[in-house]
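Visitor: I am new here. Please walk me through this one, and tell me how each label is earned.

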Amino acid sequence: MDRSQSTPLSKHRTRRQALGLAISAALALLTGCASLTGSTDRRSGGAARGIADERVLIVGAGIAGLAAARALLQQGIPVQVLEARTRIGGRIWTDTSLGTPLDLGASWIHGSAGNPLTQLAREHGITTVRSDIEDAYLYETSGRELSDARYAETDAIVEAIFVRLYELQETATTDASVADALTTILGDYQLEDALRRAVDWSLVSSINIATGADPTDLSLQHWETDAAFAGDELLFPGGYGQLIQVLARDVPIQRDCVVSAIAYEGEGVRLTTSQGTWEGSRALVTVPLGVLQAGTITFTPALPTGHQQAQRRLAMGTLNKIALQFDRVFWPEDAHSLGVLQRERTRLLEYWSMLPVTGAPILVAMAGGQYARELEALTPEAAADHTLRDLRSIAGGRVPTPVGVLPTRWSADPFARGSYSHVPPRASLQDYASLAAPVGSRLFFAGEATSPNYPATVHGALLSGRRAADDIINRVGS
Ligand SMILES: Cc1cc2nc3c(=O)[nH]c(=O)nc-3n(C[C@H](O)[C@H](O)[C@H](O)COP(=O)(O)OP(=O)(O)OC[C@H]3O[C@@H](n4cnc5c(N)ncnc54)[C@H](O)[C@@H]3O)c2cc1C
């Protein structure tokens, strides 16, 4: 997720094998399962008994599903991934239709130190670059950039607001929202209009855009209490999708295959899909929380109360992007992020420049929460129009017409139904653990919303896939 900095104008902070023979062996087991029944001596790893009877059906070819598939194949356990879309990667989506790689879903590795994604990228020779999340270029609507003194003043105020937020968090009841706390805190400040706008922009960047949720929808008690990796924030000049490609290598994936029902009451599992019925020994469900909440997949028997309650309590937020391609650069070439201090308090955009990342003259506007949902209801042209008021300020009045526009619509996407999860008032991080719990020995869950430590992130999703695979491997071996 795009996690905010705990410091003011800095954003997206903590907001963060070769498989070779093992895969070939697993594929052989998958294709020639019957002939290998009972032949345990050819298998690798610790999953010795019962392996020939195994076939794990994995719902979803996002990073959680693919990480699980690889871990299982590595142990010689056959898998079949069923993916609703014609593309793989889910909320990792590198688009090239503007002639250059653009991440329309996840962009950042949040925290490079000890992060399994950094290791994966390094192992496969995938280039990452450091993203300068500390400095945003901020403009008044007149087109004037903030003075150094104003930047410093804004920083100091926003930092003090965050310190107060954390203090109030210590004593918060479960019912309090981040908005409740902000109302209390901001009541103590009498800010002149220009300074107030700078503070508002920083808060929207750090809260609404980072979490995809408005402060009214965020539990104060659980806000930013998840774990995070230290180190740099990294971007992929060639796109996050490169990680998906290496994870998907040699994994059997059925695309365009929408799962609508999962029956797990008998000896195995039976999945009803848009491409017929699939049978297996176990199912691993990695679809987003929003898809589970929508009830488009029915479970027989129904999921236990703990799962159902956690699904109801947690929520999906929305972060949308509008990529704008220009024929020339009109913003500072060294800028990583930019913003314009409009009068409205919440309908604010933050722009990330692709120039330092790929050299492309592209700005990616980002909006979070309710404003993001409003934007996705518009046509691409109308959505781009929303950026013009800002771009005029940045461009000194003359705005070049974008030569390409690419908006995302994550809330309307039937296979995502939002961008990533968050904890609303009255919910808790424990709800993520409830969603991760297996049901009996046949039904397992993974995905970002099953990670109590790192929800809403790519690394959380990756680790959840590996956790679910380990659980299955242990049961197969026992
Ligand atoms: C705009 C945006 C920006 C983000 N930025 C960042 C970031 O910078 N850094 C970061 O760490 N995280 C970021 N995230 C979050 C990150 O992308 C996700 O947490 C992570 O990719 C989730 O992976 P997953 O495998 O859990 O789910 P998904 O990637 O959603 O995979 C689930 C898969 O299930 C499939 N599916 C759904 N329904 C069905 C069905 N009925 N049948 C079959 N298949 C189905 C979906 O198509 C999908 O492929 C961002 C997300 C978005 C949307």
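Visitor: How many residues surround the ligand, and which are the closest?

Guide: This is a predicted model. In it, 42 residues surround the ligand. The closest are Gly60, Gly62, Ala64, Gly90 and Gly447.

Visitor: Which elements give two or more residues to that shell around the ligand?

Guide: They are α3, β16 (319-325) and α15 (458-477). The largest share comes from α3, with three residues.

Visitor: How does the shell around the ligand divide by class?

Guide: It holds 24 nonpolar, eleven polar and seven charged residues. Gly counts as polar in this scheme.

Visitor: Let us stay with α3. What makes α3 and α8 roughly parallel?

Guide: The axes of α3 (residues 63-74) and α8 (residues 241-248) cross at roughly 30°. Angles under 35 degrees count as roughly parallel. Therefore α3 and α8 are roughly parallel to each other. Their axes come within 9 Å, and α3 passes α8 in a left-handed crossing.

Visitor: Which residues of α3 and α8 meet?

Guide: From α3 come Ile63, Leu66, Ala67 and Arg70. They meet Ile244, Leu247 and Ala248 in α8. By class, this contact of α3 with α8 has six nonpolar residues, one charged and no polar ones.

Visitor: Why are β9 and β22 called edge strands of their sheet?

Guide: Start with the order, β9-β2-β1-β13-β22. This is an open sheet of five strands with parallel pairing. β9 (253-254) and β22 (443-445) each have a single partner strand, so one side of each is left without a neighbour in the sheet.

Visitor: How do you know that β2 and β9 pair?

Guide: Count the bridges. Pairing needs at least two bridges. Two bridges join β2 (residues 79-82) to β9, and these strands run parallel. Val81 has Ile253 in β9 as its bridge partner. Helix α3 packs on this sheet too, touching β1 (56-59), β2 and β13 (282-285). The direction of α3 makes about 170° with that of β2.

Visitor: What makes α5 oblique to α6?

Guide: Helix α5 (residues 148-171) and helix α6 (residues 178-186) pack at about 125°, with axes 10 Å apart. Roughly perpendicular covers 65 to 115, and roughly antiparallel starts over 145. The angle of about 125° fits neither, which makes α5 oblique to α6. Their crossing is right-handed.

Visitor: Which residues make the contact of α5 and α6?

Guide: Ile161, Arg164, Leu165 and Leu168 of α5 take part, with Ala181, Thr184 and Ile185 of α6. By class, five are nonpolar, one is polar and one is charged.

Visitor: What is the strand order in the sheet of six strands, and which strands stand at its edges?

Guide: The order is β7-β17-β18-β19-β16-β20, in an open sheet with mixed pairing. β7 (136-139) and β20 (404-407) stand at the edges. On average, neighbouring strands of this sheet are turned by 20° against each other, direction ignored.

Visitor: How do you know that β16 and β19 pair?

Guide: Again, the threshold is at least two bridges. β16 and β19 (residues 362-368) have seven bridges and pair in the antiparallel sense. Lys321 stands opposite Met366 in β19.

Visitor: Which helices lie on this sheet?

Guide: Helix α7 (residues 193-211) lies across β7, β16, β17 (337-340), β18 (350-353) and β19, at about 85° to β19. Helix α13 (residues 380-394) touches β7, β16, β17, β19 and β20. The direction of α13 makes about 70° with that of β16.

Conventions: Residues are numbered from 1 along each chain as its sequence is written. This is a predicted model: local features need pLDDT of at least 70, side-chain atom pairs count only at pLDDT 80 or more; totals for chains, interfaces and linings use all residues. Axes are lines fitted to C-alpha atoms, for helices over the stretch in contact, and angles run from 0 to 180 degrees between N-to-C directions. Helices (H or I, at least four residues) and strands (E, at least two) are DSSP runs, numbered from the N terminus. A crossing is left-handed if the near helix is turned anticlockwise from the far one by less than a right angle, and right-handed if clockwise. Two residues are in contact if their C-beta atoms, placed from the backbone, lie within 7 Å. A residue is near a molecule or strand if its C-beta atom, placed from the backbone, lies within 6 Å of it.
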